[in-house]
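Please open the model in your viewer and keep the sequence panel visible beside it. The tour below goes from one selection to the next and says what can be found at each stop.

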Amino acid sequence: MEDTVTTNVIKRNGEEVHFDRAKIVNAITKANGNVERIHQMNPYQIEAIADTIAEGEMKVTFLDVGQGDCTLIQAGGQNMVMDVGNNDQGERVVSYLKEQGIGKLDYLLLSHPDADHIGGGDNDLENFEVQTVIMPEVANDTMTYQEVMEEISRYDVDVKYPEVGDIFTLGDAEFTILCPKPELLSQDDLNNSSVGIKLVHGENSFVMCGDAEAKSEQEMVKRFGSSLECDVLKCGHHGSSTATSDEFLAAVNPTWAVISCGKENRYGHPHSEVLDKLENDDVQIYRTDLRGTITAVSDGTQISWKCEK
């Protein structure tokens, strides 16, 4: 039997699955999303959106963009994308966001101007209403960087160069800027120029710091100390041994770690040293190269996980 959609019921092989279409439409309207797409979606897509907008929940999706980074954060009817993968992933990211009914990005956070983090930025700027771009005040002499900056100028998007300690609100969540320390901003060291955040939703928290390496991690530990502790650590620099230093790992003390990297990538990410540290600390590891797109859902007290593979 084919799947059919009625007002509030999906019939899947004779089994009825109930969802609240009105709630979906209202939530997407609140976020200035593309409501019209609801009527074009198949039952599986509608069910997926219903899962993303449960009241009081925050959804953090680590997209599988190969050897790069892209994270979608949805909370309280607002949306943020942190990094957008390489140029060749731009359209894929746009398609994924549209499938979630997203039409507006409250924040587009570009951690630093390396291509594997900002490459798809021009695509997002062209396809969505972007309220604010957050990025470090450091340039890169590449066509990819120039294309992103041209789109920011073209759409007259507000750009914020954050300072350590700044706090931003995203729905019923908030995030604090952890790095970079101003002295580390350098076109000659883009990794340690990365903007990093601690994202908090109720009792749950995530630390995500782009490609920040040991030098920047050391400064974060000096500034924030034990307040870096989190539930989920997105390992810096795709699980490279240049990041997730001993001192930093001890401070964040995560239950889970996420590593975004490409399958059999030429850098050997994630490095065995990092995996060994995490395993020795009994940290559960999720890797996009092995599990595809990874989703963590916070209800404010607990975190549940779902993987593509």
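## First stop: a hairpin and its neighbour

Begin by selecting isoleucine 294, whose bridge partner in β18 is cysteine 307. The model you are looking at is a predicted one. Widen the selection to β17 and to strand β18, residues 303–307, and you have two strands that run antiparallel and are joined by 5 bridges. Together β17 and β18 form a hairpin with 4 residues between them, and in its turn glycine 300 has a positive phi of about 100 degrees.

Next, add strand β4, residues 58–62, which is also joined to β17 by 5 bridges and runs antiparallel to β17. Here isoleucine 294 of β17 is the bridge partner of phenylalanine 62.

With β17 (residues 294–298) still selected, colour by accessibility: 5 of its 5 residues are buried. In a regular strand, side chains alternate between the two faces of the sheet. In β17, Ile294, Ala296 and Ser298 point one way, whereas Thr295 and Val297 point the other way, and all are buried.

## Second stop: an open sheet

Now select the strands from β10 to β16, which make up an open sheet of 7 strands in the order β10-β11-β12-β13-β14-β15-β16, with mixed pairing. At the edges stand β10 (167–170) and β16 (284–287), and because each has a single partner strand, one side of each is left without a neighbour in the sheet. Neighbouring strands of this sheet are turned against each other by 20 degrees on average, with direction ignored.

Within the sheet, pick out strand β14 (residues 232–234) and strand β15 (residues 256–259), which pair in the parallel sense over 3 bridges. Follow valine 232 across to β15, where its bridge partner is tryptophan 256. Then show helix α9, residues 272–280, which packs on the sheet and touches β15 and β16, with a direction that makes about 140 degrees with that of β16.

Before leaving the sheet, select serine 205, which is found in strand β13, residues 204–208. Is serine 205 buried or exposed? Its relative accessible area is 7%, and because anything under 20% counts as buried, serine 205 is buried. Leaving aside residues up to four places away in sequence, serine 205 touches Lys198, Leu199, Val200, Glu229, Cys230, Asp231 and Val232.

## Third stop: charged pairs

Side chains of opposite charge can pair when their charged atoms come close. The count of salt bridges in this model comes to 9, and a few of them are worth selecting in turn.

Go to lysine 234 and aspartate 69, which form a salt bridge with their closest N and O atoms 2.6 Å apart. Lysine 234 lies in strand β14 and aspartate 69 in the loop between β4 and β5 (70–75), so this pair ties together parts that are 165 residues apart in sequence. Lysine 234 and aspartate 69 are both buried.

Move on to arginine 287 and aspartate 289, whose salt bridge has its closest N and O atoms 2.7 Å apart. Both aspartate 289 and arginine 287 are buried as well.

Then select glutamate 219 and lysine 222, whose side chains meet in a salt bridge at 3.8 Å, N to O. These two are 3 residues apart in helix α7 (residues 214–224), and therefore separated by about one helical turn. Glutamate 219 counts as buried at 19% relative accessibility, whereas lysine 222, at 60%, counts as exposed. Add Lys181 to the view, since salt bridges that share partners join Lys181, Glu219 and Lys222 into one network.

## Last stop: a helix with two sides

Finally, select helix α6, residues 143–154, which has 12 residues and reaches 16 Å from its first C-alpha to its last, close to the 16 Å expected at 1.5 Å a residue. Which residues of α6 are buried? They are Thr144, Tyr145, Val148, Glu151 and Ile152. These residues cover an arc of only 130 degrees around the axis, which puts them on the same side of α6. On the other side of α6, Met143, Ser153 and Arg154 are exposed.

To see what the buried residues of α6 pack against, display α4 (115–118), α5 (121–127), β8 (129–134) and β9 (158–160). End the tour just after α6, at aspartate 156, which takes a positive phi of about 50 degrees.

How values were computed. Residues numbered from 1 in each chain as written. Predicted model: local features only at pLDDT ≥ 70, side-chain atom pairs only at ≥ 80, totals over all residues. Heavy atoms only, no water. Pairing = 2+ DSSP bridges. Axes fitted to C-alpha atoms, helices over the stretch in contact; angles between N-to-C directions. Contact = heavy atoms within 4.5 Å. Buried < 20%, exposed > 50% of the residue type's maximum accessible area, 1.4 Å probe, protein only. Salt bridge = Lys/Arg side-chain N within 4 Å of Asp/Glu carboxyl O. Expected span 1.5 Å × (residues − 1). Arc of directions from axis to C-beta.
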